Amino acid sequence: MNPFNTASAAVSTSLLEDFSLEMTGKDVSKLEEARDTIPQGTRVNITFLGNEDLEMRLSAARAVKQLGFVPVPHISARRLGSKADFEGFLAGLRNDGTCDNVFTVGGDPTRPEGPYEDSLSLIESGLLPEYGVRHVGVSGYPEGHPAIPGPVLWSALRNKSAALAAQGLEGSVITQFGFDVDPVLAWVDRVRGMGIGLPVRIGVPGPAGVRRLMSYAARFGVGTSAAIAKKYGLSLTNLMGTAGPDRFLRALADGYEPARHGEVKVHFYTFGGLRATSEWVARFRKELQA
């Protein structure tokens, strides 16, 4: 292994020191199956979907904590029907001791179902610290958002960072996943250039079928040209195959400069494959250390 590869491997290992995972409220049994392959204390984000109810969300957060991980419940602004709904969820999390960390997001509905239009409105409500929240995650979109103009996204990120600081809340950014490292690092560079110092977790797809990855990419406006697919390791001629983020993470390690990009970690979108993702991470780290 030459010195360049040795350095790259060291950075790759560092990026994976404190990775986080994502699951839905219905994935508790999958998390239980994967528990022995996931480091204790790992942050596990729990999505806030329209086909879940309050008890399912609270139960999932409790399960994550009971298994020895750090629950990070999502709160979808536009899915909250009222202030009472918001406070009911926060109160349930506080009662269960799972309120320290949350992730705020606008959510899928085109129109708000209640008084909250976006994640900024959740933060500015002042309710998060009142119910014991200490750390708030927000979204980042290196390749933009299919329904939100770029200037609006940048303004929102700046405003959310300022709102968190004003309330004394810790924060971080989790990016949408992508297949190309270049726009991701360029985006992080611009974030730092704007004076936003929040830690960034780069969204990475866990190992999954190519067809599924392409479907999610189309939904979220992620670039999937033939050149990008080849760079990532996707085969557009074999949609029945699978792909992991090996090349992406190696490229991320090659381009990542701590002094320039600040604190950066990795967040895995598991698409239900919690065990497959955690086992992949363990194998990848072992290869890097060989």
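Is threonine 270 buried or exposed? I began with this residue, working from a predicted model.

**Entry 1: threonine 270**

I found threonine 270 to be buried, because its relative accessible area is 3%, below the 20% cut-off for that class. I then located threonine 270 in the chain: the residue sits in the loop that runs between strand β10 (264-269) and helix α13 (274-289). I looked next at its side chain, which reaches the backbone oxygen of glutamate 22 at 2.7 Å. Setting aside neighbours within four places in sequence, I listed the contacts of threonine 270 as Leu21, Glu22 and Thr277. Glutamate 22 therefore appears both as the partner of the side chain and in the contact list of a residue that is buried.

**Entry 2: the chain as a whole**

I recorded 13 helices and 10 strands in the chain. Of its 290 residues, 50% are buried. I also checked how far apart in sequence the contacting residues lie. Taking contacts between residues at least 6 apart, I noted that 80% join residues at least 24 apart.

**Entry 3: helices α3 and α4**

I turned to the pair formed by α3 (residues 54-66) and α4 (residues 83-96), whose axes come within 10 Å and cross at roughly 30 degrees. The two helices are therefore roughly parallel, since angles under 35 degrees count as such. I noted the crossing of α3 past α4 as right-handed. On the α3 side, the contact is made by Leu54, Arg57, Leu58, Ala61, Arg62 and Lys65. On the α4 side, Phe89, Gly92, Leu93 and Asp96 take part. Sorted by class, I entered five nonpolar, one polar and four charged residues for this contact.

**Entry 4: helices α8 and α11**

Which residues make the contact between α8 and α11? I first looked up the geometry: the axes of α8 (residues 181-193) and α11 (residues 246-255) come within 10 Å and cross at roughly 40 degrees. This angle makes α8 oblique to α11. I noted this crossing as right-handed. Helix α8 contributes Val181, Val184 and Leu185, and helix α11 contributes Phe248, Ala251, Leu252 and Gly255. By class, I entered six nonpolar residues, one polar residue and no charged residue for the contact of α8 with α11.

**Entry 5: the two helix pairs side by side**

I set the two class counts together for reference. The contact of α3 with α4 includes four charged residues, whereas the contact of α8 with α11 has none. I also noted that α3 is roughly parallel to α4, while α8 is oblique to α11.

How values were computed
Residues are numbered from 1 along each chain as its sequence is written. This is a predicted model: local features need pLDDT of at least 70, side-chain atom pairs count only at pLDDT 80 or more; totals for chains, interfaces and linings use all residues. Side-chain values use heavy atoms; hydrogens and water are left out. Helices (H or I, at least four residues) and strands (E, at least two) are DSSP runs, numbered from the N terminus. Buried means under 20% relative accessible area, exposed over 50%, partly exposed in between (1.4 Å probe, protein chains only). A polar contact is a pair of N or O atoms within 3.5 Å; within protein, one must be able to donate a hydrogen and the other to accept it, and residues adjacent in sequence count only if both atoms are side-chain atoms. Contact means heavy atoms within 4.5 Å. Axes are lines fitted to C-alpha atoms, for helices over the stretch in contact, and angles run from 0 to 180 degrees between N-to-C directions. Angles under 35 degrees count as roughly parallel, over 145 as roughly antiparallel, 65 to 115 as roughly perpendicular and the rest as oblique. A crossing is left-handed if the near helix is turned anticlockwise from the far one by less than a right angle, and right-handed if clockwise. Ala, Val, Leu, Ile, Met, Phe, Trp, Tyr, Cys and Pro count as nonpolar, Asp, Glu, Lys and Arg as charged, and the others, Gly among them, as polar.
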